[in-house]
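Let's take a walk through this one together, starting with the broad view and working down to single residues. Keep the viewer open as you read.

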Amino acid sequence: MPTELGRFEAIVLPHLDAAYTLARYLTGSEADAQDVVQDAYLRALRYFGGFRGAEPGDGRAWLLAIVRNTAFTSRRRQRAEANAAEFDEQLHSDSVADEHPEAALLATTARESLHQVLDHLPLEFREVIILRELDGLSYKEIGEVTGVPVGTVMSRLSRARRRLQRALVAEQKGG
Amino acid sequence: MTHGEMQLQVDTYVDGELAPEDARELEAHLQECGECAELRHSRIALGAAIRREVPVLQAPRALRLAVREAIRSAGESRQPPRSLHPLGWRPALLAASLALVALGGWRLGLQRAADGALRDQVLASHVRSLMPGHLTDVVSSDQHTVKPWFNGKLDFSPPVYDFAGWGYPLLGGRLDYLDGRPVAALVYGRRQHFINVFLWPGRGGTAGERTTITRQGYHLLRWTTPDYQYWVASDLGMAELTEFARLLRQDDSVTARPLP
């Protein structure tokens, strides 16, 4: 007879690496990522009673949502302290660059690696790339994790990929 | 359809999220439109490049231990009679204990289940320590460097000896976590083999006999002294490992005392 914690161990614990990976790429710091994941697991333990999943695969998106929210909360706290601007879908959209890829290429100062470009993407773009490419979540799951409609997931993914694609092309040309 | 919409469709198609009828339509379009076919190709290459350059990371050991500890303490607070269910939240072990209860070996059964769990922990810890970068926290062949390194990290001061003279040089030490508590792990070498010695203060009592276990190609030795519980794990041959254990027991019996 599986106990509640046995179920937690089987369903949520196996996603520790995925949780750490997401936190690491969202926070950009190993120390912050560890804090976020530890905090997220404590929250997950608290909320687990209300979670209905039974298979190990079920816990992935559920845990990643908690990790993501924990990372955003700690970031908001840090940003409030730094008094920085909030994310703005319009402000951060790359409409000019989209229309003129060459201009964007020139605007990119040094040749950035794919990794660097990803690090510099707004969080809302970065997270969909990680959740899709590294965690293999479906659009629906990504929508649940990030709290936006599937249509927004699609457009953010597409925009993020356009930027990354330019970096990749530049990498391949420049070597 | 605008170019932007088409681009979105290609992304959705590559992600396998396009509805079947739309996918068929797009596939027909890809046959004719070189630009979209090129886009599809470059998106596939991009996905591969991302997974190559932005790898899935492995959670650091310290984090892994901290998370496990959080789960463990949550289990304790939910299950007060800890002495009866030391690992009650592990379903398989609980089932095993219950089966043994049914056989009548009640106390013995719980003890065995706990021993089995500990043995698995020791083995897992040994295997994990062999992964790159996990073997030692303090690298030194000097027992007078390794022993003080544990100060402030453990609530006891583990006896540390070097057996380089016998061909078992001390390589370093590491903090580990076994049986629900931080323990000292001492690492020794023998040719290309590594030996992990785990020790922590025992529950008192008399010196216990040494027992040997072989699992997955590794040998495990365990014994208790009046002061400490010892577990030794290695892929070294049993004869050499037994000799090593004898050296360790000899020296420990002479000098070791835990902190009061």
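What does the accessible surface of chain A come to, and what share of it belongs to carbon and sulfur atoms? About 8300 Å², with 51% belonging to carbon and sulfur atoms; areas here come from the Shrake-Rupley method with a 1.4 Å probe, and for residues only the protein chains shown count as cover. For chain B, the accessible surface comes to about 13300 Å², and carbon and sulfur atoms hold 55% of that.

Some housekeeping before we go in. This is a predicted model, where local features need pLDDT of at least 70 and side-chain atom pairs count only at pLDDT 80 or more, while totals for chains, interfaces and linings use all residues. Residues are numbered from 1 along each chain as its sequence is written, chains are lettered from A and ligands numbered from 1 in the order in which they are written, and side-chain values use heavy atoms, leaving out hydrogens and water.

Chain A has 10 helices and 0 strands, where helices are DSSP runs of H or I with at least four residues, strands are E runs of at least two, and both are numbered from the N terminus. Of its 175 residues, 51% count as buried, meaning under 20% relative accessible area (exposed is over 50%, partly exposed in between, with a 1.4 Å probe and protein chains only). As for how the chain folds back on itself, 72% of the contacts in chain A with a separation of 6 or more are between residues 24 or more positions apart; contact means heavy atoms within 4.5 Å.

Chain B mixes things up, with 8 helices and 7 strands. Buried residues make up 43% of its 260 residues. Among its contacts between residues at least 6 apart in sequence, 56% join residues at least 24 apart.

Now zoom in on helix H8 of chain A, residues 123-134. Its 12 residues should span 16 Å at 1.5 Å a residue, and the end C-alpha atoms are 15 Å apart, which agrees; the expected span is 1.5 Å times one less than the number of residues. H8(A) is mostly covered, with 12 of its 12 residues buried. That list takes in charged names as well as nonpolar ones, including A:Glu124, A:Phe125, A:Arg126 and A:Ile129. After the helix comes A:Gly136, whose phi is positive, near 65°.

Next, the packing. The largest nonpolar core has 63 residues, and A:Tyr41 and A:Leu164 have the most contacts inside it. A core here is a set of buried Ala, Val, Leu, Ile, Met, Phe, Trp, Tyr and Cys residues joined through side-chain atoms within 4.5 Å. Helix H4 of chain A (residues 58-82) gives the largest share of this core, 9 residues. Domain 1 (3-53) and domain 2 (61-114) of chain B both contribute residues, so the core lies between them; the domain bounds come from an automatic or database domain assignment. Leaving aside neighbours within four places in sequence, A:Leu164 touches residues of both chains, among them A:Leu118, A:Ile129, B:Leu46 and B:Ile50. A second, separate core of 40 residues includes B:Tyr161, B:Phe163, B:Leu178 and B:Leu221.

That brings us to the sheet in chain B. Its 7 strands form an open sheet in the order S1-S2-S3-S4-S7-S6-S5, with antiparallel pairing; two strands pair if DSSP finds at least two bridges between them. The edge strands are S1 (138-139) and S5 (211-215), each pairing on one side only. S1(B) pairs with S2 (residues 170-178) over 2 bridges, and B:Val139 has B:Gly172 as its bridge partner.

At the other edge, S5(B) and S6(B) pair over 5 bridges, with B:Thr212 opposite B:Leu221. Their hairpin has 2 residues between the strands, and B:Gln216 takes a positive phi near 50° there. S6(B) (residues 218-224) is largely enclosed by the rest of the structure, because 6 of its 7 residues are buried.

S6(B) is joined to S7 (residues 228-234) by 6 bridges, and the hairpin they form has 3 residues between them. One bridge pair is B:Trp223 with B:Tyr230. On its other side, S7(B) is joined to S4 (residues 193-201) by 7 bridges. B:Ser234 is the bridge partner of B:His219 and also stands opposite B:Ile195.

In a regular strand the side chains alternate between the two faces of the sheet. Both faces of S7(B) are covered: B:Tyr228, B:Tyr230, B:Val232 and B:Ser234 are buried on one side, and B:Gln229, B:Trp231 and B:Ala233 on the other.
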